[in-house]
Amino acid sequence: MKCVCKKDFRIALSQMQTIFFKENCEYEYGITPHKETGMPIYYLDVSESNAGWDWFPFNEKKFKLNFKDIQEVREEKITQILGLDI
């Protein structure tokens, strides 16, 4: 699945490693349930960040605060174009 970043932000993994997320950039992501709690864990593909990580986990709240699913963006645009605001 794909998502788009809502705003620029960064996550410091250590003093030497930081992952930068850029506003309006698209990222691949996947969702898996946590083994013990069953809560959804969102994993973003950060393999191009050169931070030594391939996937970075977010809980649902943090993911939805910083990213938007591309399918949701498409649906909003279609609604605006067709004037179907409900």
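**Cysteines and strand pairing in a predicted model**

Student: Why is cysteine 3 in no bond with the closest cysteine sulfur, and how far away is that sulfur?

Tutor: The closest cysteine sulfur belongs to cysteine 5. That is too far for a bond, because the gap to the sulfur of cysteine 3 is 7.8 Å.

Student: What is the ground for these values?

Tutor: Residues are numbered from 1 along each chain as its sequence is written, and side-chain values use heavy atoms, without hydrogens and water. The model is predicted: local features need pLDDT of at least 70, side-chain atom pairs count only at pLDDT 80 or more, and totals for chains, interfaces and linings use all residues.

Student: How many disulfides does the whole structure hold?

Tutor: A disulfide is a pair of cysteine sulfur atoms within 2.5 Å. Cysteine 25 is in none; its nearest cysteine sulfur, in cysteine 5, is 7.2 Å away. The search of the whole structure gives zero.

Student: Is cysteine 3 buried or exposed?

Tutor: Buried means under 20% relative accessible area, exposed over 50%, partly exposed in between (1.4 Å probe, protein chains only). Cysteine 25, at 32%, is partly exposed. Cysteine 3 is at 0% relative accessibility, so it counts as buried.

Student: Which residue in S5 is the bridge partner of tyrosine 29?

Tutor: Strands are DSSP runs (E, at least two residues), numbered from the N terminus; two pair if DSSP finds at least two bridges between them. S4 (residues 26-33) and S5 (residues 40-45) run antiparallel, joined by five bridges. In S5, the partner of tyrosine 29 is leucine 44.

Student: Which residue in S6 is the bridge partner of aspartate 45?

Tutor: S5 also pairs with S6 (residues 55-59), antiparallel over five bridges. The partner of aspartate 45 there is tryptophan 55.

How values were computed: Helix = DSSP H or I, 4+ residues; strand = E, 2+ residues; numbered from the N terminus.
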